[in-house]
Amino acid sequence: MEREKSEISKNSLQRTLLQLECHFTWMLMKEDVTPKELEERIADQLEFLPVKSKIQNYNLLAYVNHLNGKKEAALENLQRAEEAVQIERPKEVEKASLVTWGNYAWMYYHMGQLEKAQEYIKKVECTCKQNGSASPYKMKLPHIYCEKGWALLKFGASYYEKAKESFAKALEEEPQNPEFNSGYAITLYRMEDYCGKKSSGEGSSLEPLRHAASLNTDDPFVVPVFALKLQEVGQAEEGGKYIKEALEKNPDVPYVLRYAAKFYRKKGDVIKSLELLKKALQLTPNSSFLHHQIGLSYRTQFLEKKRARFHGREKMEELIGHCIFHFQKAVEHKPNFVYAYLDLASMYGEAKRFQEAEETFQKVFAMTKLSCEDKQELHFSYGRYQQFQKNSESEAVKHYLEGLEMEKESFPREKCKTSLKKLIEKKISKSPGDAKSFGILGYIHQLNGERRQAIECYERALDMDPDNEEYLSALWALRLSLQS
């Protein structure tokens, strides 16, 4: 009977825990991050970004400690979050503690200390009741939406849309709040950066970043990001002013250094970029982002010399070596860093280390949590490797086509389309009697909305392969579309 009562009590506790607003209920999945690397990133923010909320960072760090199995460290960081509440939000301690208390309740539940878990649930319940909340265990507070947004952002690209929604909810309550605007604008920028969108039109991050930067003039995070966006949309001169100001105000903050380095690399000043990145790396030596950026800077130097047909073999080998070293470090610190793996594989190809290149590509093909964009980028990178390093045009066509046939619009998909079109046109000029090439070119014209050119290509393909139902079906659909 006692056991039955205990089970009922535990079930009731579980139902309550699920209603709390905290990191344990925000669907932040361990498989989407490298917890050790994320721990280090949060610790870096606590050290180098004093303007950011310590409450939020200690709460998130506690949750990541839990994912790493570090129960005592998690409890210590929750205690630090409580202490930070007294400093950051002294006039509304209870409301500002709701997320922390929710995390405490979940931690004690996982440690089997159900009475302590219940104590923290009671604190949440009392605060909700005192403030007239419709729910006994949660309150709709903008600072909670904001904290959720930052946590989601830390867990990677698959969480960006939900992060955007959370910051948007916070802004509905407080439209001029500097931090909410900063979070919303940075999320939009990350979404664009991930998808390769560089626009300044409606829905772009440009104006939200401009507004956020005006509200956070000394923020070492949002101002450099705004500068990068200005550079992307052709306003590099204005962007350069913001970068210089940010570097003057925060010369030893890794976030300013790394974004400034990215700005200078895109401007073509790779030496300045490397100087800033190396300085940042001294401050945060385990940063996978910095190692990747350093690798990209060396790769820029390598590709420039390759295009200029530079013949100094020793220098070229040295640059390849630097690229490989830093890309290796990036994936070592963050084993799910897809783009660093692809860059590493490509540089192995440049070094003619084909077995290592193949093994590295296959590691990415074996990853189970790739987004559609990641898969498209993988097929694009592997296609280029096959085309330019392995001289296998047929394999290149196969992978460009696979990336293109994934219908989600993205920058990697556009790259697949462009590369495939160039390669197919080259093949046709060499061998005009290849039906398959005309079929693929027809498909590309069709995707581009160029119906007449598509029809011509499919007709040429059918001349050479009259029984091909795929070409016939596509041609029929195109003919009908011209009549409607």
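These legends describe close-up views of a predicted model. Local features need pLDDT of at least 70, side-chain atom pairs count only at pLDDT 80 or more, and totals for chains, interfaces and linings use all residues. Residues are numbered from 1 along each chain as its sequence is written, and side-chain values use heavy atoms, with hydrogens and water left out.

**View A. Glu-40 and Lys-36 form a salt bridge in helix H2.** The N to O distance is 3.2 Å. A salt bridge here is a side-chain nitrogen of Lys or Arg within 4 Å of a carboxyl oxygen of Asp or Glu. Helix H2 covers residues 35-48. Helices (H or I, at least four residues) are DSSP runs, numbered from the N terminus. The two partners are 4 residues apart in H2, so about one helical turn separates them. Glu-40 is partly exposed at 22% relative accessible area, whereas Lys-36 is exposed at 55%. The classes are buried (under 20% relative accessible area), exposed (over 50%) and partly exposed (in between), with a 1.4 Å probe and protein chains only. Accessible areas come from the Shrake-Rupley method with a 1.4 Å probe; for residues, only the protein chains shown count as cover.

**View B. Glu-37 and Arg-41 also pair in helix H2.** Their side chains meet in a salt bridge of 3.0 Å, N to O. They sit 4 residues apart, which means a separation of about one helical turn. Glu-37 is buried, at 5% relative accessible area. Arg-41 is partly exposed, at 28%.

**View C. Lys-229 and Glu-232 make a salt bridge in helix H12.** The N to O distance is 3.6 Å. Helix H12 runs over residues 222-232. The partners are 3 residues apart, so about one helical turn lies between them. Lys-229 is buried, with 0% relative accessibility. Glu-232 is buried as well, at 18%. Elsewhere, salt bridges with shared partners link Glu-31, Asp-32 and Lys-369 into one network. The whole structure holds 28 salt bridges.

**View D. Asn-77 is a buried residue of helix H4.** The helix covers residues 71-88. Relative accessibility of Asn-77 is 5%, so the residue counts as buried. Leaving out residues up to four places away in sequence, Asn-77 touches Tyr-58, Leu-61, Ala-62 and Asn-65. Contact means heavy atoms within 4.5 Å.

**View E. His-445 is buried in helix H23.** H23 spans residues 435-447. The relative accessible area of His-445 is 10%. Beyond its neighbours within four places in sequence, His-445 contacts Lys-421, Glu-450, Gln-453, Ala-454 and Cys-457. Lys-421 is 24 residues away along the chain, and the C-alpha atoms of His-445 and Lys-421 are separated by 9.2 Å.

**View F. Four glutamates form a patch of negative charge on the surface.** The members are Glu-402, Glu-405, Glu-407 and Glu-470. Patches are made of residues with over 30% relative accessible area and no salt bridge, with like charges joined within 9 Å and nonpolar side chains (Val, Leu, Ile, Met, Phe, Trp, Tyr) within 5 Å. Lys and Arg count as positive and Asp and Glu as negative; His and the chain ends are not counted. The place of a charge is NZ of Lys, CZ of Arg, CG of Asp or CD of Glu. Glu-470 belongs to helix H25, residues 469-483. At 62% relative accessibility, Glu-470 is exposed.

Terms used: Helices (H or I, at least four residues) and strands (E, at least two) are DSSP runs, numbered from the N terminus.
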